[in-house]
Amino acid sequence: MKCLLSVLTCIAASNAYRLGDSVGVRVRCHSSSNGSANFEAYRHQLPRFGVSTKTRFDVSTLLNGDEFNLAQQTPNEHQPLTHNNKRRDKTKDDAEHIKFSLSFDEGFHHIPWLDVYNPSIYKNKVLESLIITFVYSGSDGSIHAVNRETKYHDNKSNPSNGMPESFVVEYVWIEEADVDVQGGLLMLFVAVLIVAISGMVGACSSATQNVKGKGSPVKQGKGRSPLDISSASNVEGFAKQF
């Protein structure tokens, strides 16, 4: 049993993040022209465990992204890819509806789909920034929750720009208060022990009272029933009156 616990502890420790470690990001995007695609983000776009940072995502990367590993390339080496390896038309991009989602920690956590630009619904609103909040534990090196907050920019002053070229992604880390698991288990054990002892004491007390009740019968005269004793008492009282 101890060996099994040791193995599980070693596995958990090997999967735990340390302060400053890069957390993997998988990008899922969907556009009306290219359909769905997913790929890994650049290294400089990855969040760092326990460290709040900012980065920038290019919209052209989301539009032209295909199934390839961006994390193993540098931004200068990356060339936009399309399904037919042709440069996209700028006028077509301006009318493109694109949405995307991000998943973290090998897919254990993700944010819901959100619009980068949707001219059919929000003609003049474009995504300006995305704030992603991580709730984590520094003691076990794990991410407990991921939340997101979006901020859109009203582009009415210059609607000819259409879709934005890029938007900011801010990673905010909030450390969760550590929970003393061993202390909690100890308190639970003590509470269970107290309840068990109380139950045993109550059962013993009840059994002792039952035994005393059966062992102390009411004393009566030999050969005389309670009815006879009551009759004799009435006769004696009647005799004394005369």
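User: Over how many bridges do S7 and strand S8 pair in the antiparallel sense?
Analyst: In this predicted model, local features need pLDDT of at least 70, side-chain atom pairs count only at pLDDT 80 or more, and totals for chains, interfaces and linings use all residues. Residues are numbered from 1 along each chain as its sequence is written, and side-chain values use heavy atoms, with hydrogens and water left out. Strands are DSSP runs of type E with at least two residues, and helices are runs of H or I with at least four, numbered from the N terminus; two strands pair if DSSP finds at least two bridges between them. S7 and S8 (residues 142-154) run antiparallel, and the number of bridges is 12.

User: Which residue in S8 stands opposite phenylalanine 134, and which glycine in the turn has a positive phi?
Analyst: S7 and S8 form a hairpin with 4 residues between them, and the phi of about 65 degrees in its turn belongs to glycine 141. Opposite phenylalanine 134, in S8, stands valine 146.

User: Which residue in S9 is the bridge partner of valine 135?
Analyst: S7 also runs parallel to strand S9 (residues 166-175), and 8 bridges join them. In S9, the partner of valine 135 is isoleucine 174.

User: How many residues lie between S6 and S7 in their hairpin?
Analyst: Strand S6 (residues 114-118) pairs with S7 (residues 122-137) in the antiparallel sense over 2 bridges, and asparagine 118 is set opposite tyrosine 122 in S7. The number of residues between S6 and S7 in the hairpin is 3.

User: Which element gives the largest share of the largest nonpolar core?
Analyst: A nonpolar core is a set of buried Ala, Val, Leu, Ile, Met, Phe, Trp, Tyr and Cys residues joined through side-chain atoms within 4.5 Å. The largest one here has 35 residues, and those touching the most other members include Val27, Phe100 and Ile132. Among the elements giving two or more residues to this core are strand S1 (25-31), helix H2 (59-64) and S9. The largest share, 6 residues, comes from S7.

User: Is threonine 55 buried or exposed?
Analyst: Threonine 55 lies in strand S3 (residues 53-58), and its contacts (heavy atoms within 4.5 Å), leaving aside neighbours within four places in sequence, include Phe167, Val168 and Tyr171. Its side chain also reaches the backbone oxygen of histidine 44 at 3.3 Å. Buried means under 20% relative accessible area, exposed over 50% and partly exposed in between, with a 1.4 Å probe and protein chains only. With a relative accessible area of 8%, threonine 55 is buried.

Note on methods
Polar contact = N/O pair within 3.5 Å; in protein donor to acceptor, adjacent residues only side chain to side chain.
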